[in-house]
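Subject: Structure handover

Hello,

Here is the structure I promised to pass on. Please open it alongside this note.

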Amino acid sequence: MDLNTVLDVRDARSPVPWRPGDAWLGGGTYLFSEPQPHLRRLVDLGRMGWEPVRELPDGSLEIAATCTIAQLSRFGKAWGATSAPLVEQCCRAFLASFKIWNMATVGGNLCNALPAGPMISLTAALDGVCLLRAQDGSLRRVHVADFVAGAGRKDLGEGELLRSVTLPARTLASRTAFRQASLYGLGRSGALVIGVLDPVDGSLAVTVSAATVRPFRFWFPLPPDRETLRAVIDAAVGADDWFDDIHGLPAWRRHMALRFAEEIRRELTGGTGDATDTGGTAPAPAPAPGGLR
């Protein structure tokens, strides 16, 4: 896509005052995929020289916003963390060509805030924290599950830059389980659910994405039973929170999300219960201990 309204491309290493019509340029796979008539200038991050992925002294993992999907995939395959398989599973959820893999960035996927964004699913499930830098140089941090506020909506101010996402060491040492569904063999994710079981205290986090307009991360200090898990999800995800587009109706997305959540609970905890019958109405349980982030 030719962006014929763009009059200038600037190197981000030479800061210039932000003005209306500016946009950060990462991989550009979204910017150049459809008309952007509101843009007048691109600020290119491609030469910032940020290390794509680095392990920090405390065991956490920092992923630069400019890290491409191909770079993250290569790192994940060689990484020794317990949660490493989840990286490749989420990278493969793109179902994109090698050209996209080598250009699309983790930061771009988060900032687009599309419900099916698999980097949103990965980083939200692992309790990732975004580092944001404002035009005045001030920094703030926000959890990925709060950063993505809805379909195409994110907690990002005018001219603010997503610098990186940090995944805490504790979640990286956790066991994970992954489920994904699409209406088509090579289609966009209609539901993507990830479970993370903490090896230290046995707590369980279940993250629902793609089926919903934003990621919902449910944390339980102790693994819940089937009815409690279902009740917590249904209480937090309202009717308008289930995404509705050509890739899946809300009722189907809800059904698959609840089914996958139960399958994941059973896989990670050895729980009992019928994992296939999740479409009916569950009995109302006592107030659940689950926390939502």
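Below is what turned up, from the overall shape down to single residues.

First, a caution: this is a predicted model. Please keep that in mind throughout.

**Overall shape**

The protein has 293 residues, and a compact globule with that many would have a radius of gyration near 19 Å. The protein comes out at 19 Å, so the two agree. Its C-alpha trace spans about 60 × 45 × 35 Å along the principal axes. The secondary structure consists of nine helices and 15 strands.

Of the 293 residues, 49% are buried. The exposed surface comes to about 13400 Å². Carbon and sulfur atoms supply 54% of that surface. Now take the contacts with a separation of 6 or more: 60% of them join residues 24 or more positions apart.

**Helix α5**

Start with helix α5, residues 118–125. Is it enclosed or exposed? Eight of its eight residues are buried, so the helix is largely enclosed by the rest of the structure. The buried residues of α5 run from Pro118, Met119, Ile120 and Ser121 to Leu122, Thr123, Ala124 and Ala125. Just after α5 comes Asp127, with a positive phi of about 60°.

**Phe147 and its surroundings**

Next, look at Phe147. It lies in helix α6, residues 144–147. Its relative accessible area is 0%, so Phe147 is buried. Which residues does Phe147 touch, leaving aside neighbours within four places in sequence? They are Leu110, Cys111, Cys130, Leu132, Val142, Arg153, Lys154, Asp155 and Leu156. As for Ala231, it is 84 residues from Phe147 along the chain. The C-alpha atoms of Phe147 and Ala231 are separated by 25 Å.

**The cysteines**

Two of those contacts of Phe147 are cysteines, Cys111 and Cys130. How many disulfides does the structure hold? Zero. Cys111 is in no disulfide, and its nearest cysteine sulfur, in Cys130, is 7.7 Å away. Why are Cys111 and Cys130 not bonded? A disulfide needs sulfur atoms within 2.5 Å. At 7.7 Å, the sulfur of Cys130 is too far from that of Cys111 for a bond. Both cysteines are covered. Cys111 has 18% relative accessibility and counts as buried, because the cut-off is under 20%. Cys130 is buried too, with a relative accessible area of 0%.

**Aromatic rings**

The structure holds three aromatic pairs. One of them joins Trp18 and Trp24. Their ring centres are 4.9 Å apart, with 35° between the planes, and the pair is tilted. Trp24 is partly exposed, at 24% relative accessibility.

Another pair is Phe216 and Phe218. Is this pair stacked or tilted? The ring centres lie 6.3 Å apart and the planes meet at 10°, so the pair is stacked. The cut-off for stacking is planes under 30 degrees apart. Both Phe216 and Phe218 are buried.

**Charges over rings**

Phe216 also has a charge over its ring. The charged end of Arg214 sits there, 3.9 Å from the ring centre. Trp50 has a similar partner: the charged end of Arg163 sits over the ring of Trp50, 4.1 Å from its centre.

**Where to look**

For a quick tour, begin at the enclosed helix α5. Move on to buried Phe147. Then view the unbonded Cys111 and Cys130. Finish at the stacked rings of Phe216 and Phe218.

Best wishes

Terms used: Residues are numbered from 1 along each chain as its sequence is written. This is a predicted model: local features need pLDDT of at least 70, side-chain atom pairs count only at pLDDT 80 or more; totals for chains, interfaces and linings use all residues. Side-chain values use heavy atoms; hydrogens and water are left out. Rings of Phe, Tyr and Trp (its six-membered ring) pair if their centres lie within 6.5 Å; planes under 30 degrees apart count as stacked, over 60 as edge-to-face and the rest as tilted. Buried means under 20% relative accessible area, exposed over 50%, partly exposed in between (1.4 Å probe, protein chains only). A charge sits over a ring if NZ of Lys or CZ of Arg is within 6 Å of the ring centre and within 35 degrees of the ring normal. Helices (H or I, at least four residues) and strands (E, at least two) are DSSP runs, numbered from the N terminus. Contact means heavy atoms within 4.5 Å. The radius of gyration is taken over C-alpha atoms; the globule rule is 2.2 Å times the number of residues to the power 0.38. Accessible areas come from the Shrake-Rupley method with a 1.4 Å probe; for residues, only the protein chains shown count as cover.
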